[in-house]
Structure formats: structure tokens, C-alpha cells
Amino acid sequence: MRVEVGEAMNARTESRYVKDKKIGEGTYAVVYQGTEISTQRMVAIKKIKMGHFKSGLDMSAIREVKALRELAHPNVIELIDVFSHKTNLNLVLEFLDTDLEMVIKDTDLIFKAADIKSWLLMTLRGLHHCHRNWLLHRDLKPNNLLIARDGQLKLADFGLARDYGEMTATMTSQVVTRWYRAPELLFGAKRYGYGIDIWSVGCIFAELMLRTPYLPGDTDMEQLDTIFRALGTPTEDEWPHLTSLPDYVQFKAYPKTPLRTLFTATTADALDLLEKMLVYNPVKRTSALEAIQHPYFQNLPRPTHPARLPKPAMNINEGSVAAKRRLDPG
Amino acid sequence: MATVDRFLPAYSSSEDACPICKSSRYLNPNMKLLVPPCFHKMCEACIDRIFSLGPAPCPVCQQILRKTNFWTQKFEDLQVERELQIRKRIAKFFNKRTEDFKSLRLYNDYLEEVEELTFNLINGVDVQETEERIQRFAQENRDLIASNAARQQREERMLNHRLKQERSDKEHQRQLYLQQLEEEEVVKRTQKNAIINQLASSNQSASEIVARNAITLKKSSMAPSAARATPSSSGPTGDWMYNGAHLDDDEDMDIDSEEFDPLSSLYCDVGGFELKPEYYDPMASAIQNPQMATAGGYLTRFSHQRSLEAAFTGLLIPPLSDSIPSPPS
């Protein structure tokens, strides 16, 4: 009897949406563009593939639903509904046009200081909302920062997100796309905090200014080497107990070079904030809240209004490119 | 060590890397690669390291080099670089001009000969004989070469002087322009203040005053500036990555976003407790390696704060007055 009630509810949810067309496919999901029938609102329907998971549901689908059910914020993607169809799980998500990676790569667009400030502020707002609800995103990178038609930037792809702070739980260090992965994760830390997300935001901030990935490493070892070459090799003094991390390896001692040598045209307040986000000791690294309160956001120029931010020129039908890349396994 | 050429900037590419110390342009944008006579280039730091104590062998080909013999690379192709060096040397001796010859024909023959010598040196044809011919020419024409060199120097000085003049003229113009902008700014501010005063004292309708003044404001200045966004900060701070940002007229934000609070949220802050720096917590022993946890960025504070927040969530929030449910009957 119970089962039938559940099935009826599910059927009712499912009947509220129509799938229009497939716009992208990744390893674990297919994304369709769809419409909510009652409001004609455009939605994205993410159909989780069940085939190759031997027991039960895919972990990242569970993580995504769990995380998004908790969060409601203008800078976090909205999970509108969940329903199942036969053996497939379907997530109904807010439909978003493009992502920050597309914006960065579009060489026709010119970024002003105020534009970068605006994107960074929206990212930090969304992230602060996650952190104050004890949730780590664990996969921040430009192509997981989606951009709505009205210019609002929204954190998306919570497939790796999980809660943090629990005393008993250890977590995996195999998270976050390599170029945006914090050094403590590369050294195999099993307990960590919000610092790992801040590191990613720091890398994204640098990428917005450079228009090219800031710390691109080909392997995990090379990633550490790239980080140390750019920011100097950390010492026990600036990062206490560094050597006790599980995968710690001694690296060549590179000198610390001031960020100014690479970011030649940036204002001092921007560099100060970047430096605070890329502090080696995760305990000393700035938090999302502190970052939002940093003078960089109060000083001129003011952040650009989201509606006036530069956007790649494209028509509605070309949304599929963004959707497709968004699904790449992180 | 290396001469700076105003007209031809040093060659530099993002793929540059010093073959000796492997430092790359990506991480050291200021790296300078210099070329020695044997054309095995290396970065300035390496040169300082190897040659600061006097002549030393090139790390690649062992040819003895001196620090003073390095020059900045101008061309991507080192062959071109080598040709340039040879031509420079030749030009030092063969500096005759058209007016030193009786006819154009003779001058052309002379140029032809110079070109032949240069070609021989570049391609390594009869190097010995060519060198001798150069020496002979230099001996025979010593006086003429010296006087021509002096003339050349004089001309160069003149050119330098002219360029300097042009630069200072430009700077002067820029100063004038900036001054003009500043003056416009002052005028605009006084006009704005006048409107405010008028609004405060006059009993005409506000919209009328604003509309009338808007016309005069528009007329008085066509170039908006960034400084008006907030009166508290002085001067244009907008110049960042993008020159002329202060000439952009969508710089100022909407009025309502001035009061925009980036920390606003639909969620209530959980309060009512005070987080102590330390608690008696038997669970903390579950962390077997506390040093490792600290190094990873984990703080026991997270756990305590989270537990307290969980306990206090919704506890001290008064219900909305119009939604108090009626007691069950």
C-alpha cells in the first residue's frame, strides 16, 4: 500500500515536466533541457545513469541531492524536484546558460576590474552559504560556476560535496580537480576544513586575472611542484606539522616570489586578498566570510551589476556546449 | 652588460626557458635570456653565477666567455642574430657614404664588395682571406673611418635629442588633459551641491528642479569620471588591467546596490550560545593524530561549533505573529 502511494506521488512529480531535448552527456548522467508545464519555466533535467553501478544509487547523485536540499541561495543552483523514471533517477535543476570557463575562454570579451570583483563576490557569497551550513563543495572550478541569463553566478555540481566538522569522520583527499586542489589534499590530508574550497577560489581569482589557468600541473606530484615554484616551498614555520601529513614528500626549496611579478597590473588590495586565499597553512587561510569583508570589495571600482557583466554571445540553442562540458567527470 | 635598443625590443616568448637552470618565462616573467658569442643562450642569473669571477667556459660548448660579451636576443632565430652581429662588425669599418665617392657607380661597387665580405663571413667561405681583406681596408682608410664614425655619433645625438623633446611634449599634453578633467569634476560637484541646496531651501517641486538642472549638467561635461561613485574615496582607482576604465560611463552602480548586503541570506543566524575555546571532549581522542589534523586544516572547534549550532537551531526564534497555530481541540 505504502509503495503505491509513493509511486503515485512520483508519477505526479514526473508529469509536471516535459523533456525537450538532450543537451549533454557525461560519464554518470545525461542532461536534458525541459519545461515545467504549469509555469513554462525552462529547467535542466539530469538523468542519472544507473547501468554501471552495481549496488544501489550512485554516490555523487546522493551527495548532490543531499547538499542541494539543504541550500537555498541566489548563488547556489536550485534543485527544483527529484523523481524516478523506471530505474533512473532524475534531478530537475534550474536551467543556466553558460559557465565561467566559457566566459574566461571567450577572447572577444574584455574583463574590467569591476567585473572580476563581481564574479568573485558572487562565488564567495555562494560558498559562504555552503560553509555556514557545514558543507564543503570540494570541486570548485570555473566550469562548475554556472551563469544565469540575468548574470547571477551560481555554484553547481555538488557531486563531491559533503558535510564537514564531524569529529569522528575522516574524508578522502582525492577530491577537487587537480589544478584547483589545495596543497593539504595533495599531501593526503584526511581531515580538513573550509580551506580547500578557499584555495580553489584563489586559483579561480588568479585565472580571472590571467585568463589562463594559474597552476596547471600534469600529475599530482607536478601539481605540488607547480604550486611551490609559483609561491615558494612551504616551511614548518609557516605551516606547522606539515611534515606529519600522510603523503608528505620533501620538495626542492623554491624561493618565495612576490605575486606582483606575475600579476603586474593588479591593485594592491586585490593581491592582498589573493595572497590570503593562497596561504599554505589551511588554519591561517582566510574564510569565505573574511574574504567577503575584505577591503577589496569595499574599494572602488564597485563590483559590476550582474546584469551588466560580459557574456559570451550565443543563442539559446547553443546551450548544449556548456551543459556537455559541465558533465565532465571532476 | 647588454645594450638596450629603443627601436627593436628584446625577443621574448612565453616558451622561453633557460637551458642551464630550467627556469621558465611562465613563473619568472622578468627572466632575461642573453646570448654569448657561441650562441648558447642562458639567463641573467646563470651568467652572474658562472662568469662573475672572470672568464669561464660555456657550460654547453666549453668556449671561454666573458660576462661583457653577452647581448640581448633580438630575433627568434639565432642564425639571424649571428648575421646581425657580423653585419654590425662590418659596418664599424665599412662606414663610407655616398658623398665619399666620385660617382654612384663606384659607391655601388663598394656596397657590392661589402656585401660579398659579409656573405663570406656568414656562410664561412674563405674566412681567413676575408678577414685579411677587412684588416687591409681598415688600415688603408683609418682616417676616413674615424671621421665618419664621429659624424654618425653626432647625428645619433641629434636624433636622441629630438625624441626626448617629443616625449616631453606628449607628457605635457597629458598633464593638461588631466588638469582639464579635474576642473570639470570640480564644476560638476559644485553644481550637484547647488541642486541639493536648492532642493533643501526652495519650495518648488523636487522633480522640476532636478529636471532643469539635469540639462545644464549634461551640457557642462561630456566625460563622466569614476570619482563620483563614492565621495569618500579620492581620485580614480579604476585603472586596473584596463586603461581608460575611468572613461567608461557604466562604472557607477545602481543606487539600490549601494545598500546591497553580500551577507544577507534567507537563513537565520544561529545564536544564543557562546563558543568556548576549549571543551572537555572525550570524542576528541577519536582523532588519532591531532597534529596531522591541524596540518590538514581541521579544527576541533568545527565539531563543537557545529554541535552547538545543531542544538540551538530555531531555539530562540520567536514565531511569526500571524502564524501561531491554534491549540488542538
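Two strands are said to pair if DSSP finds at least two bridges between them. The exercises below apply this to a predicted model.

**Exercise 1. The sheet of chain A**

Determine the order in which the five strands of the open sheet of chain A are arranged, and identify the strands at its edges.

*Solution.*
Step 1. The order of the strands in chain A is E1-E2-E3-E5-E4, and their pairing is antiparallel.
Step 2. E1(A) and strand E4(A), residues 79-85, each have a single partner strand, so one side of each has no neighbour in the sheet; these two strands therefore stand at the edges.
Step 3. From one strand to the next, the twist averages 30 degrees.
Step 4. As an example of one pair, strand E3(A), residues 41-48, runs antiparallel to strand E5(A), residues 88-94, and six bridges join them. Within E5(A), Glu94(A) is the residue opposite Val43(A).
Step 5. Helix H2(A), residues 59-70, packs on the sheet and touches E3, E4 and E5 of chain A. The direction of H2(A) makes about 145 degrees with that of E4(A).

**Exercise 2. Two residues of an annotated site**

Classify Gly26(A) and Val30(A) as buried, partly exposed or exposed.

*Solution.*
Step 1. An unreviewed UniProt entry places the feature "binding site" at several residues of chain A, including Gly26(A) and Val30(A).
Step 2. Gly26(A) lies in the loop between strand E1 (17-25) and strand E2 (29-36) of chain A, whereas Val30(A) lies in strand E2(A).
Step 3. A residue is buried with 20 or more other C-beta atoms within 10 Å, and exposed with 12 or fewer.
Step 4. Gly26(A) has 19 other C-beta atoms within 10 Å and is therefore partly exposed. Val30(A) has 19 C-beta neighbours inside 10 Å, so Val30(A) also counts as partly exposed.
Step 5. Leaving aside residues up to four places away in sequence, Val30(A) touches Lys22(A), Glu25(A), Lys47(A) and Lys49(A).

**Exercise 3. Helix H6 and the contact with chain B**

Describe helix H6(A), and then the side of chain A that touches chain B.

*Solution.*
Step 1. H6(A), residues 195-210, has 16 residues and spans 23 Å from its first C-alpha to its last, close to the expected 22 Å.
Step 2. Of the 16 residues of H6(A), 15 are buried. Just after this helix, Arg211(A) takes a positive phi of about 65 degrees.
Step 3. In chain A, 44 residues are in contact with 40 residues of chain B. Helix H4 (113-132), H6 and helix H7 (220-231) of chain A each supply at least two residues of the side that touches chain B. H4(A) gives the most, with four residues.
Step 4. By class, this side of chain A has 22 nonpolar, 13 polar and nine charged residues.

Methods. Residues are numbered from 1 along each chain as its sequence is written. Chains are lettered from A and ligands numbered from 1 in the order in which they are written. This is a predicted model: local features need pLDDT of at least 70, side-chain atom pairs count only at pLDDT 80 or more; totals for chains, interfaces and linings use all residues. The expected span of a helix is 1.5 Å times one less than its number of residues. Two residues are in contact if their C-beta atoms, placed from the backbone, lie within 7 Å. Ala, Val, Leu, Ile, Met, Phe, Trp, Tyr, Cys and Pro count as nonpolar, Asp, Glu, Lys and Arg as charged, and the others, Gly among them, as polar. UniProt positions are given in the numbering used here, feature names are shortened, and annotations may be inferred rather than shown by experiment. Axes are lines fitted to C-alpha atoms, for helices over the stretch in contact, and angles run from 0 to 180 degrees between N-to-C directions.
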